[in-house]
Amino acid sequence: MEKLKYPIGIQSFRVIIEGGFVYVDKTSYIPMLENGKFYFLGRPRRFGKSLLLSMLHEYY
């Protein structure tokens with residue numbers, strides 16, 4: 001049985017993908033983001049705000 005690698009403390013999307021870490025792909029939500037004007041990322045600390053921005057940077 002293969003042991004899963006979790007990206008604890010890693011905030012770079014590229015490092016997560018190239019390192020083979022577990023990542024829940026939410027790129028299907030990007031078109032919904034493109035239709036709006038302003039966004040408030042109201043998440044508690046350590047809930048992936050920086051990782052979301054890193055993923056968007058790599059996407060575009």
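A nonpolar core is a set of buried nonpolar residues, such as Phe, Ile, Leu and Met, joined through side-chain atoms within 4.5 Å. Keep that in mind as you work through the exercises below, which use a predicted model.

## Exercise 1: Getting your bearings

Describe the secondary structure of the protein and the box that its C-alpha atoms fill.

Solution. Start by counting elements: the protein has 3 helices and 0 strands. Next, follow the sequence from its start, and the pattern reads α-α-α. Then turn to dimensions: along the principal axes, the C-alpha atoms fill a box of roughly 45 × 25 × 20 Å. Last, look at burial: of the 60 residues in the protein, 12% are buried.

## Exercise 2: The nonpolar core

Find the residues of the largest nonpolar core, and say which helix gives the most to it.

Solution. First list the members: the largest core has 6 residues, namely F13, I16, I30, L51, M55 and L56. Now sort them by helix: α1 and α3 each supply at least two of these residues. The biggest contribution comes from α3, with 3 residues. A broader pattern is worth knowing here: in soluble globular proteins, nonpolar side chains tend to be buried together.

Take F13 as a check on burial. Its relative accessible area is 15%, and buried means under 20%, so F13 passes the test.

## Exercise 3: Aromatic pairs

How many aromatic pairs are there, and how are the rings of each pair arranged?

Solution. The count comes to 2 aromatic pairs. Begin with F13 and Y23: their ring centres are 5.1 Å apart and their planes meet at 75°. Planes over 60 degrees apart count as edge-to-face, so this pair is edge-to-face.

Where do F13 and Y23 lie along the chain? F13 is in helix α1 (residues 13-18), while Y23 is in the loop between α1 and α2 (30-34). The two are 10 residues apart, and the pair links distant parts of the chain. As for exposure, F13 is buried, whereas Y23 is partly exposed at 24% relative accessibility.

Move on to Y59 and Y60. Their ring centres are 5.0 Å apart and their planes stand at 85°, so this pair is edge-to-face as well. Y59 is partly exposed, at 45% relative accessibility, and Y60 is exposed, at 60%.

One further ring has a charge for company: the charged end of K5 sits over the ring of F21, 4.7 Å from the ring centre.

## Exercise 4: A salt-bridge network

Trace the salt bridges of the structure and work out which residues they link.

Solution. The whole structure holds 2 salt bridges. In one of them, the side chains of R14 and E18 meet at 3.8 Å, N to O. R14 and E18 are 4 residues apart in helix α1, which separates them by about one helical turn. R14 is partly exposed at 42% relative accessibility, and E18 is exposed, with a relative accessible area of 62%.

Now look for a partner from elsewhere in the chain. E58 forms a salt bridge with R14, and the closest N and O atoms are 2.7 Å apart. E58 lies in helix α3 (residues 49-59) and R14 in helix α1, so the pair ties together parts that are 44 residues apart in sequence. E58 is partly exposed, at 30% relative accessible area.

Put the steps together: R14 takes part in a bridge with E18 and in a bridge with E58. The result is a network of salt bridges linking R14, E18 and E58.

## Exercise 5: Out on the surface

Which residues form a nonpolar patch on the surface, and how much accessible area do they have together?

Solution. The patch is formed by L4, Y6 and I8, with about 390 Å² of accessible area together. Pick out Y6 for a closer look: Y6 is found in the segment before α1. Its relative accessibility is 53%. Exposed means over 50%, so Y6 counts as exposed.

## Exercise 6: V22 and K3

Is V22 buried or partly exposed, and what distance separates its C-alpha atom from that of K3?

Solution. Locate V22 first: it is found in the loop between α1 and α2. With a relative accessible area of 29%, V22 is partly exposed. Finally, V22 and K3 are 19 residues apart along the chain, and their C-alpha atoms are separated by 10 Å.

Terms used: Residues numbered from 1 in each chain as written. Predicted model: local features only at pLDDT ≥ 70, side-chain atom pairs only at ≥ 80, totals over all residues. Heavy atoms only, no water. Phe/Tyr/Trp six-rings, centres within 6.5 Å; stacked < 30°, edge-to-face > 60°. Buried < 20%, exposed > 50% of the residue type's maximum accessible area, 1.4 Å probe, protein only. Lys NZ or Arg CZ within 6 Å of the ring centre and 35° of its normal. Salt bridge = Lys/Arg side-chain N within 4 Å of Asp/Glu carboxyl O. Patch = residues over 30% accessible without salt bridge, like charges linked within 9 Å, V, L, I, M, F, W, Y side chains within 5 Å. Areas by Shrake-Rupley, 256 points an atom, 1.4 Å probe, with all protein chains shown as cover.
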